[in-house]
Amino acid sequence: MAQISDEIAVAQRSVRTDAYQMSIGELVSLYEEGDLIIDPEFQRLFRWEPGQKSKLIESLLLGIPLPSIFVFEKEDGKWELVDGLQRLSTILEFMGKLRDPDRGLLPPSFLESTRYLPALHNAVWERSDLVVGLPAEQQMPLERTEQLAIRRARIGVEILKRPSDEATKFDLFQRLNSGGTVANAQEIRNSIVLMVDADYFRAVREVAELPLFKRMVGVSEEQEQKQRHLELAMRFLVHSYIPYDGRLDVEEYIDEGAIELARVGESQRDAGVLRKTFELLSEAVGEDALRRYDNGRHVGRIGLVAIEGIAVGVGKNIDAILALPDPAGFVKDRVRSFWQQPDVATFTSPGMRGTTRVQRTVPFGASWFAP
């Protein structure tokens, strides 16, 4: 079809790439000189376990090829890492060269035994008192030949060239990470927002990590590790400010909405609405405000219907509600009668697609909580 061919031609022009084969040593040198940028906040979003790190070093020592990394060429010619964070961070950390912007160099890591190289137990790049959790006398430094094997190992570097559309960087990052085991959907979304506006990301994260917010949305410790609280905070903000017409899949809509909010950069506004909404819900109803109200008590788990219908409904009306003589009383009455409304019963119908649900829950909540 001519239309598809035309769209392919336009898209290809926006994605210009190049590729090199480089040694690990060359990449480490670029990083040390500041010409290869690894956003340090990504290091806090993605964390490999010691066993995963050990397997990576094992692969280098055994000569097993690593997947290519992807970088974005910035206007000043420097490379910004788009995909391959854990691989490079693991290598840099093991060598004692990984930097933290707040504390300088991070402590070097030590390895665990692996299937093919059991002798990697307590292996370090070089013996050091800076290694945390392993006394120097128990450390097993690599031989010079083993260090050289790692430095000389080669890896493909795919380069997204400077003339490419800036937005392509975000899309590429998402496509490269989707379906992997390292990053879940929200971790990817966090990183994309961080790429767009780090200050915006930090402002939203600060509220999402408040104990009150995490209790209100009912995240478990395991869910918190998977960034569930940040996911729900971002869903709340996207539903509050970005209209949804049902054409995109809901997850794609949340992705694009999060990017748009970060580009607008109204961090104080958005973090303020998030905080005020959940503080009011807590004051009015308590920590169970987003659980179904049935037979005089709140029951069950917290689902997306409550986030979209109740939390977003309150958030969209927060200033008008706070101007009432008794904001908490108003919200309490509205929350408890919310679940008895005939429309709400349809929101949880079996088989209802998310695209349909969101087009119903958000408008209903906005109307229901309007003073």
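**Figure 1. Accessible surface and overall make-up of the chain.** The accessible surface of the chain comes to about 18600 Å², and carbon and sulfur atoms hold 48% of that area. The model is predicted, and in it the chain is built with 19 helices and 11 strands. Of the 371 residues, 48% count as buried. When contacts with a separation of 6 or more are considered, 68% of them come from residues that lie 24 or more positions apart.

**Figure 2. The largest nonpolar core, with the surroundings of Leu 281.** This core, the largest in the chain, has 61 residues, and those with the most contacts inside it are Leu 274, Phe 278, Leu 281, Leu 290, Ile 310 and Val 331. Setting aside residues up to four places away in sequence, Leu 281 touches Met 216, Gly 286, Ala 289, Leu 290, Ile 310, Ala 311, Val 314, Val 331 and Val 335. A second core, separate from this one, has 35 residues, including Val 71, Leu 85, Met 95 and Ile 150. In soluble globular proteins, nonpolar side chains tend to be buried together.

**Figure 3. Strand β3 and its two pairing partners.** Strand β3, which spans residues 69-73, has four of its five residues buried, and it is therefore largely enclosed by the rest of the structure. With strand β9 (residues 154-160), β3 pairs in the parallel sense over four bridges, and within this pairing Ile 69 stands opposite Val 157. With strand β4 (residues 79-83), β3 pairs in the antiparallel sense, again over four bridges, and here Phe 70 stands opposite Asp 83.

**Figure 4. The turn of the hairpin formed by β3 and β4.** Five residues lie between β3 and β4 in this hairpin, and Gly 77, placed in the turn, has a positive phi of about 90°. The strands on either side of the turn are β3, at residues 69-73, and β4, at residues 79-83.

**Figure 5. A nonpolar patch on the surface, with Tyr 116 as one of its members.** Leu 62, Ile 64 and Tyr 116 form this patch, and together they have about 300 Å² of accessible area. Tyr 116 is found in the loop that runs between β6 (104-105) and β7 (123-124). The relative accessible area of Tyr 116 is 54%, and because a residue counts as exposed when this value is over 50%, Tyr 116 is classed as exposed.

Conventions. Residues numbered from 1 in each chain as written. Predicted model: local features only at pLDDT ≥ 70, side-chain atom pairs only at ≥ 80, totals over all residues. Heavy atoms only, no water. Buried < 20%, exposed > 50% of the residue type's maximum accessible area, 1.4 Å probe, protein only. Contact = heavy atoms within 4.5 Å. Areas by Shrake-Rupley, 256 points an atom, 1.4 Å probe, with all protein chains shown as cover. Core = buried A, V, L, I, M, F, W, Y, C linked by side-chain atoms within 4.5 Å. Patch = residues over 30% accessible without salt bridge, like charges linked within 9 Å, V, L, I, M, F, W, Y side chains within 5 Å. Salt bridge = Lys/Arg side-chain N within 4 Å of Asp/Glu carboxyl O. Pairing = 2+ DSSP bridges.
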